[in-house]
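Subject: The structure we talked about

Hello,

Here is the structure I promised to pass on. Have a look around it, and then read on for what turned up.

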Amino acid sequence: MRYTQYLLPTLKENPADAEVVSHQLMMRAGMIRKVAAGIYSYMPFGLRSIRKMEEIIREELDRAGAIECLMPMANPAELWQESGRWEKYGKELLRFKDRKATDFCMGPTHEEVITDIVRNTVKSYRQLPLNLYQIQTKFRDEIRPRFGLMRGREFIMKDAYSFDLDNEGADKAYDKMYQAYRRIFQRCGLKFRAVEADSGAIGGAFSHEFMVLAESGEDAIVSCDACEYAANVEKAELIYRDQQAPTASAELQKVETPEQKSIEAVAAFLKLEPSQLVKTLIVQTSEEELLAVLLRGDRDLNEIKLANLLDVDGVLLADDELVKKATGAPTGFAGPIGLAIRVIADSEVKGMADFVVGGNAVDLHYTGANYGRDFAVSQFADLRQAVAGDPCPRCDCGQLESWRGIEVGHVFKLGTKYSEAMNATVLDDSGKARTLVMGCYGIGVGRTVAAAIEQNHDEHGMMLPMPLAPFQVLVSMVNPKDDAVREASEKLYQQLLDLDVEVLLDDRDERPGIKFKDADLIGIPLRLTVGSRNLKESRVELKHRASGEMNLLPIDEAAGTVGQLVAEALDAH
C-alpha cells in the first residue's frame, strides 16, 4: 500500500478527551475517529489490526472445535424476560420499541438468543457437545464511556457458548476454551495472566479473566511468584496457616482518643502500628441488614467476598446516621464490644490478641481487647483484599505479587442458569429430558488491540507486536524526487510484496523528520529507510521500532532479510 493513496490521517496533538495512552495514540495514529460518546469508526489503519485480531481468534476457536455463526444485534424483549434479565440487567441494556410497539434491546451479550437457537434445533445428546461463537458488534449503554475502545458503548466482541449434557462435559469444554484463550493471547505477543474472577452479572459457578499486564490497567490482580495461581483481587483467596490466637495478656482498658477517628491517627496517638488495631466497619446489605465486620487495622474489606459469604446482591458501608444507630457514636469510633448487631470477622483477626478497637463513644477506644473474652464473633471468613506479600493459597512456598491488568477476555462456567430458565433440554440415551449445561466465553476484540498499545508504546508512539501491527514493514523514501531513491524504494517495495510481506510505502513528498516522526507514531515494527547517502554504498537502513536497533543492509539482500525477520517474529508467537 502506498501512503499517498491511503487514508492515514495522523494528529500532532493528543485529543482533549483522550485520557489513556491507547486512546491518545489510536486517535493520533489515525486508527479510530469518534462519532459519539463511546462510539467510534474504525479507520483503515485501525481496522487492519482489528481484522488480524479476529483472524487469530477464528483460527484458535476453529482449532478448539467451535463453530462460527452470527446472531442479530436487535434482541426481542421476550427472550430476556424469559431469562429474568430484562428487569435485572440495568440501564446498560439499551431498550427500544419497533414500529409495532414491540420491546427490543441492543444485545450486550447473547446468552438468551443462543439458548433459544439451541433449544429449538438440538434435540438429542448425539448432537452434543456443541460450541457456537460469533464475532459481532455489541452495545452497552455505559453511564460514563471513556478511554476510547477500552470502555466504549459500541464495541466488537467475540462471544462463544458451549452446550453439554453434564458437568463433566462442561468442564472439558471450559478447559478447551481456556487453553484456546491462552494460545490466542500468546499469538498476539502479549504479556498476560489468566486469573480467577468473580462471575458478576453474567452469573455462573466459575470463571477466569484474561488480563493484559499494563501499568494503566483498571484492575488489580495478584499472582504467585512460585506457581501458576493468579486471581483478580476481588476473587483472590487468602489462607491463614496459623489459626491459633495468642493468649490474652492485657486487661481491657478504656482510653481517651480525642478527635482521633482514623486507624492511622489512632495508631499514631497510641504509638502503635496500624496492624495492632482492629477496625470495625458497619455495613448494610442489599437485604437492609446492619452488621459489623472486623478487619486488622491495615487491611481493606473485599465487599464482593462479603456479599458472596452472606449470599446477598451487594453490601455498602453504612452512612453516618446508620452507624450512630448501630453503635451510639459517630463514624470513626465503632467497635465490637457491646454491639447488638451481628459481628463477623476476617480470619486474620482470629490470630490476634490484645488489640485496640473502637469504644462506641466519642473520643473513646479500648486497648487490650480480645475476641471471645470481650466480645463474640458469629463467624470468621476470608473477607479482606489480597495484597503483595500474602501467602499463596495454592502452594506452600509462594507469595503473591501485585499487578495492574486490563481485562480482555473472560470465560464462564454458567451451569444451567439460562438453560433451566429457558427450558433448553435434550433427550439422553435413555430417552430422559436433560437440562443442558452451558459455558460462555468472551473476548473484546478492539479492547485487546487497545490493551496491546497500552503494553507496547513509548513517548514517540505505538510499538504493536508483529501479529497485530497494521503493516509489518514501512519503506520510507527520504526524497521521492531523487530518481535513484524512488527507483530503489519502488523495487524494494515490490520485492517485499512478492514475499507476501505487508508493507506500507511512504512515498509522500515530506521532510525526512516528518516521515520519521510519523513512522514512530504509527509503530510499524520494521522500517527500511532508502536515502541517497546510503544508496551510494548500495545499502539501506533497517530500524526495529520496539528496540530502536538500527543497522545497514545490502540493498540486494534487504527484502530477503526483512522477510525472514517478519516470519521469525510471527513464528515466535
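A word on terms before anything else: a cavity here is a set of grid points where a 1.4 Å probe fits but cannot get out, and its volume is the space filled by probe spheres set on those points. Please also keep in mind that this is a predicted model.

**The cavity**

How many cavities of 30 Å³ or more does the structure hold? There is one, and about 60 Å³ of space lies in it. Its lining is made up of Leu474, Ala519, Asp520, Ile524, Pro525, Arg527, Lys543, His544 and Arg545. Two elements, helix 13 (512-522) and strand 30 (539-544), give two or more residues each to that lining. By class, the lining residues are four nonpolar, one polar and four charged.

**The sheet that includes strand 30**

Strand 30 also belongs to an open sheet of five strands, in the order 28-27-29-30-31, where the pairing is mixed. Why do strand 28 (503-506) and strand 31 (550-554) each have one side without a neighbour in the sheet? Both stand at the edges and have a single partner strand, so one side of each is left free of a neighbour there. On average, neighbouring strands of this sheet are turned by 25 degrees against each other, with direction ignored.

Inside the sheet, strand 29 (residues 526-530) pairs with strand 30 in the antiparallel sense, over four bridges. Here Leu526 has His544 of strand 30 as its bridge partner, and His544 is also one of the residues lining the cavity. Helix 15 (residues 555-571) packs on this sheet and touches strand 27 (473-477), strand 29, strand 30 and strand 31. The direction of helix 15 makes about 125 degrees with that of strand 31.

**The second largest pocket**

Next comes an open space, the second largest pocket, with a volume of about 390 Å³. It is lined by 23 residues, and the closest to its centre are Lys261, Lys279, Thr280, Leu281 and Gly332. Which elements supply at least two residues each to this lining? They are helix 7 (263-269), strand 14 (278-285) and strand 18 (355-358). Strand 14 gives the largest share, five residues. The lining divides into 13 nonpolar, seven polar and three charged residues.

**A three-stranded sheet**

Earlier in the chain you will find three strands in an open sheet, ordered 4-6-5, with antiparallel pairing. Strand 4 (74-76) and strand 5 (95-97) are at its edges with a single partner strand each, so each has one side without a neighbour in the sheet. From one strand to the next, the twist averages 40 degrees. Strand 4 and strand 6 (residues 103-106) are joined in the antiparallel sense over three bridges, and Met106 in strand 6 is the bridge partner of Ala74.

**A pair of helices**

Last, please look at helix 2 (residues 44-63) and helix 6 (residues 167-187), which pack at an angle of about 150 degrees with their axes 9 Å apart. Is their crossing left-handed or right-handed? It is right-handed. Helix 2 makes the contact through Met53, Ile56, Ile57, Glu59, Glu60, Leu61 and Arg63, and helix 6 through Met177, Ala180, Arg183, Ile184, Phe185 and Arg187. These contact residues comprise eight nonpolar, no polar and five charged.

Enjoy exploring, and best wishes!

How values were computed:
Residues are numbered from 1 along each chain as its sequence is written. This is a predicted model: local features need pLDDT of at least 70, side-chain atom pairs count only at pLDDT 80 or more; totals for chains, interfaces and linings use all residues. Side-chain values use heavy atoms; hydrogens and water are left out. Axes are lines fitted to C-alpha atoms, for helices over the stretch in contact, and angles run from 0 to 180 degrees between N-to-C directions. A crossing is left-handed if the near helix is turned anticlockwise from the far one by less than a right angle, and right-handed if clockwise. Contact means heavy atoms within 4.5 Å. Ala, Val, Leu, Ile, Met, Phe, Trp, Tyr, Cys and Pro count as nonpolar, Asp, Glu, Lys and Arg as charged, and the others, Gly among them, as polar. On a 1 Å grid over the protein atoms alone, a cavity is a set of points where a 1.4 Å probe fits but cannot get out, and a pocket is an open set with protein on both sides within 12 Å along at least five of seven lines; lining residues have an atom within 4 Å of a point. Two strands pair if DSSP finds at least two bridges between them.
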